[in-house]
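Got the viewer open? Let's hop from one selection to the next and see what turns up.

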Amino acid sequence: MDAYSQPNTNNKGEPRKGLDTATPPLVVAIVGATGAVGSLMARELATMDALNTLNTLNTGTTLEIRLFASKRSAGTKINLPATAGLSVNPIVQELTESSFKGVDIALFAAGATVSRRYAPLAVGDGAVVIDNSSAFRTDTTIPLVVPEVNAASIIRAGVAHAGVAHDSVAHDSVAHADNRGEQHHLPTPPMIIANPNCVAIISAVAINPLHHAYGLESVEMTTFQSASGAGMAAMNELVSQASSFTTMDDLSTLHNPRNPDDDGATRQFAHPLLFNVIPQIGDFHGDGTTEEEDKIRFELQKILQTPVRCTATCVRVPTLTSHSMSIALQFRDEFTLPEVEAVLRNAPGVVLYNNHLEGEYPMPLVSSNTHKVYVGRLRKDKYDPKRLHMFVSGDQLRKGAAINALQILELAIK
Ligand SMILES: NC(=O)c1ccc[n+]([C@@H]2O[C@H](COP(=O)([O-])OP(=O)(O)OC[C@H]3O[C@@H](n4cnc5c(N)ncnc54)[C@H](OP(=O)(O)O)[C@@H]3O)[C@@H](O)[C@H]2O)c1
């Protein structure tokens, strides 16, 4: 059981003991707190075991959460559960250049433009930044982390860091730059850690153990990405399209891409998503691939630390949460399906869900609201004994974004 699946209470349902207010709190800022990812990070951080981790590591540590968004939603109230050791001002503040004074860890989920402008300011003020956007992922000096796969890349980025038992590297813990957080063993100097693209996270959790077992040569995938992958407004648009659809006549009111008078300008996607699939996520590049497809290729190579050939076709589908992917993996070595099942059964973060005769295979409704990556529909290729086919599904707001970021936070404070 990982830390994130444990309650913040003991087995009698009482708050865990050991937290007091005598020591300075660990201050976590959430930028983009009203958004799909940011609001989930706030909720999960308030309720999950980060507090227990702090407690375990450093009796007396408490947590303070500060919520930020744009001017548009400054003043909005976000109700978070009352948890022992947590203090939170539920009123969202407008993000400004001085928002990071006194902040230990800043979780960014407000898009690349905001991250590019404000993350360096947060670091300048002594905060460790964990960034959900694409702003820093391609920077070779910035670790791109999926904790089940490459937690040690935080160490390789030159950070003195305790508690990450990977690669047999021993590290001393160094207190936070300005000594504000002597009790909080944070990476020093303050740094940016990038949270990967949601498909890259989910697929890497499933692919990495197989790569280690059989030597990965190439990845081909087609994705089925839900509306919420494009944010809260996109998810709301799909819900509103669905709720206003009552009879077949309503089909004619949906945007028709072949009608030149209907530019679909008010919509979140290039075309209506209800009753449709859209084989475009992000802008197109000159060679006909999209931004999203390129991110997946680059990021999988960086996370898996291998220049594996990777081709993706990314498709938006009318589901609300969870991204799924049909993946073909080419290996250097031959394998048997029972071996592959054993590898996946023991893989961190993976749920092997591979009983098609009982209707058990990964689907968005299976993986949504969980922190795990579901893997099933395992088949050997009919023509090539070193080629495996599988279907994967994971909640992209959770493991594909918020939970992965909080796992990184947990690594950072260990
Ligand atoms: N959705 C996913 O599945 C997913 C998965 C992985 C990574 N990500 C990444 O996570 C980030 C957030 O995505 P999302 O889906 O949560 O988007 P979202 O639902 O549209 O939320 C965007 C958030 O950013 C805030 N924001 C926008 N402009 C701002 C500004 N100038 N200053 C401060 N805050 C600002 C918004 O606040 P207001 O309420 O004030 O507008 C809102 O809280 C993006 O970089 C995205 O690529 C998303």
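Start by selecting Ser-322: this residue is buried, with 30 other C-beta atoms within 10 Å. (Buried takes 20 or more other C-beta atoms within 10 Å of the residue's own, exposed 12 or fewer, partly exposed in between, with C-beta atoms placed from the backbone.) Its phi is near 85°, positive although the residue is not glycine. You'll find Ser-322 in the loop between strand 9 (309–316) and strand 10 (323–331); helices (H or I, at least four residues) and strands (E, at least two) are DSSP runs, numbered from the N terminus.

A quick word on what's loaded: this is a predicted model, where local features need pLDDT of at least 70, side-chain atom pairs count only at pLDDT 80 or more, and totals for chains, interfaces and linings use all residues. Residue numbers run from 1 along each chain as its sequence is written.

Next, click Arg-377, in strand 12 (residues 373–380). Phi is positive here too, near 50°, but Arg-377 is partly exposed, with 16 other C-beta atoms within 10 Å.

Now go to the ligand. Which residues come nearest? Of the 30 around the ligand, they are Gly-35, Ser-70, Ala-110, Ser-133 and Gly-231 (near means a C-beta atom, placed from the backbone, within 6 Å). Color domain 1 (3–195) and domain 2 (200–397): both give residues to the shell, so the ligand shell lies between them. Those bounds come from an automatic or database domain assignment. Finally, show helix 1 (36–47), helix 3 (112–124), helix 7 (232–243) and helix 11 (398–413), each supplying at least two shell residues. Helix 1 gives the largest share, 3 residues.
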